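I opened this notebook to record what I looked up in one structure, entry by entry. The notes keep to local features that I could read from the coordinates.

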Amino acid sequence: MISSSRSFPFWFYVLTIVRCNHYINLSPITNKNTVLEVNNDAKFDINLDYPSTVTIKQGKIIVSKGNNILIGNDVTINLKNKLLQIQINNVGPSKEGDYQVRVEGDTNDGGIVSQSTIFTVAFQGVPQLKPLSADTTVLCCNGEVRLGITFPETSTPLYRLSWQRMSGQWSSRYFMEDNDRVLHITNVEAGDSDVYNVTVTHPQSLRSTSLSLKLNVLEKPLIESESLRDVRILERVNVNIRVVPQQSVISWYKDGKPIKNHISSDGLSLTINSMSEENAGMYTVLATIGTLTTTHTISLRIRDDIQITEGPGTFTALRKGNIVTFTCKVKGQPIPSISWIRDDVVLPDIKKFPNITVFGKNPSFLSISTISEVHQGQYTCITSQHDGTSIYNTGQLSLSGPPRITNVTRVSVIATLGATVDFGVDIESSSGYTIKWKKESK
């Protein structure tokens with residue numbers, strides 16, 4: 001038997017029996033163990049058979065794999081009633097192979113014992129996967145990026161690896177490296193943003209495990225907001241912006257100078273509690289991510305209701321051929337525009353109303369260079385602001401004066417008795433008229 005003073009500091013994987021002065025038979029009850037889950041243990045039982053007259057002193061049990069002796073947490077050894085129990089702890093791909101168990105010691109009669117046997121550990125599970133980076137962010141475009149996994153164990157070529165995009169399509173710009181453990185993406189595009197799933201499968205047991213890797217490709221930031229706001233004095237102003245992606249660094253400028261007052265802590269809103277002339281102006285937002293920057297301009301203008309300070313007026317008793325100019329003066333902020341209307345026709349319209357021109361700021365004036373009957377009627381100026389607010393004022397033009405004979409045909413005729421003679425006249429009048437013919441007596 002083995003004396004109680006034995007020590008077992010070492011372990012081996014292969015068992016070989018060596019006979020010196022005494023024979024000990026090592027009979028494995030189990031000589032192969034297959035592990036299906038990573039970090040599970042492989043257990044082996046070995047019977048020790050030797051004469052009852054033999055006592056082993058200073059005995060030790062050594063477990064080794066190749067030239068490496070297992071110590072510490074790698075192996076657990078227990079001996080009870082000639083049953084030797086060996087446990088290989090935390091089995092993974094790197095612990096596959098043959099192990100040797102050797103029993104050594106001195107006998108009570110001065111002899112030496114050195115016997116060994118072999119057992120085998122097989123691993124058909126899958127290893128623990130570690131990402132090079134679980135969430136990768138890169139800037140667009142035309143750069144490159146690598147997504148991948150690592151195995152804590154050394155036997156990665158034993159496994160089958162497959163990659164899959166969860167929503168997008170595979171591209172010819174994708175290349176596999178390092179025994180398919182690394183996906184190399186060249187000429188990175190915004191469309192490469194996706195979740196990439198890598199699956200590792202054991203070829204014998206077909207057990208598999210997967211790991212998801214996320215890729216974010218950041219494009220030039222996008223800023224969404226209004227570009228123009230008209231506000232009244234003392235009005236409270238709040239302008240919100242939306243910036244994509246959220247990682248963007250946001251900064252504000254007014255009339256080219258950086259500002260921090262009135263800006264929220266996240267940079268996504270501008271708030272002015274009481275609008276003043278000083279607060280009006282051009283505000284510029286910069287959104288930056290990496291080397292990519294986007295700008296957006298917001299104009300705050302003071303608004304004043306529009307008014308017509310001078311309307312077109314009324315022109316009456318005009319004669320044909322005269323020149324007439326209508327005036328429409330307005331004020332307001334923003335500066336309103338003016339349009340001229342006659343009988344629902346926007347002027348000028350040279351086909352319906354010839355000799356009419358509009359000019360001046362907005363334009364403020366309408367002129368008729370040579371008035372005639374066709375120009376009689378109402379002329380309306382409509383002033384509007386960009387938000388649809390509008391007002392109008394209407395003027396009148398009419399002609400007057402007595403009828404006038406502008407042309408006479410055949411003032412004097414010499415005719416024979418019984419002949420027919422025609423006389424004619426052309427009349428100009430702004431209103432109706434009657435014609436009477438009178439023969440003067442000699």
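The entries below take up a loop asparagine, a strand hairpin and the aromatic pairs, all in a predicted model.

**Entry 1, the loop asparagine.** I began with Asn-279 and found its place in the loop between strand E24 (269–272) and strand E25 (281–289). I then asked whether Asn-279 counts as buried or exposed. Its relative accessibility is 12%, and because the cut-off for buried is under 20%, Asn-279 counts as buried although I had looked it up as a loop residue. For its side chain I noted a polar contact of 3.0 Å, which joins Asn-279 to the side chain of Ser-276. Setting aside the neighbours within four places in sequence, I listed the residues in contact with Asn-279 as Lys-254, His-262, Ile-272, Ser-274 and Leu-300.

**Entry 2, the hairpin.** I moved on to strand E35 (residues 377–384) and strand E36 (residues 390–399), which run antiparallel and are joined by eight bridges. Within this pairing I located Thr-380, which stands opposite Thr-394 in E36. Five residues lie between the two strands of the hairpin, and there I noted that Gly-388 takes a positive phi near 100 degrees.

**Entry 3, aromatic pairs.** How many aromatic pairs does the structure hold? I recorded seven. One of them is formed by Trp-170 and Tyr-174, an edge-to-face pair with 5.1 Å centre to centre and 85 degrees between the planes. I checked the accessibility of both partners and found that Trp-170 is partly exposed, with a relative accessible area of 41%, whereas Tyr-174 is buried, with a relative accessible area of 7%.

I turned next to Phe-326 and Tyr-379, which form a stacked pair with 4.9 Å centre to centre and 25 degrees between the planes. Phe-326 lies in strand E29 (residues 324–327) and Tyr-379 in strand E35, so this pair ties together parts that are 53 residues apart in sequence. For Phe-326 I noted a relative accessible area of 0%, which makes this residue buried, and Tyr-379, at 0% relative accessibility, counts as buried as well. This entry leads back to the hairpin, since E35, the strand that holds Tyr-379, is joined to E36 by the eight bridges noted above.

**Entry 4, a cluster.** Last, I looked up which residues group into an aromatic cluster, and I wrote down Phe-44, Tyr-99 and Phe-119 as forming one.

Notes. Residues are numbered from 1 along each chain as its sequence is written. This is a predicted model: local features need pLDDT of at least 70, side-chain atom pairs count only at pLDDT 80 or more; totals for chains, interfaces and linings use all residues. Side-chain values use heavy atoms; hydrogens and water are left out. Helices (H or I, at least four residues) and strands (E, at least two) are DSSP runs, numbered from the N terminus. Buried means under 20% relative accessible area, exposed over 50%, partly exposed in between (1.4 Å probe, protein chains only). A polar contact is a pair of N or O atoms within 3.5 Å; within protein, one must be able to donate a hydrogen and the other to accept it, and residues adjacent in sequence count only if both atoms are side-chain atoms. Contact means heavy atoms within 4.5 Å. Two strands pair if DSSP finds at least two bridges between them. Rings of Phe, Tyr and Trp (its six-membered ring) pair if their centres lie within 6.5 Å; planes under 30 degrees apart count as stacked, over 60 as edge-to-face and the rest as tilted.
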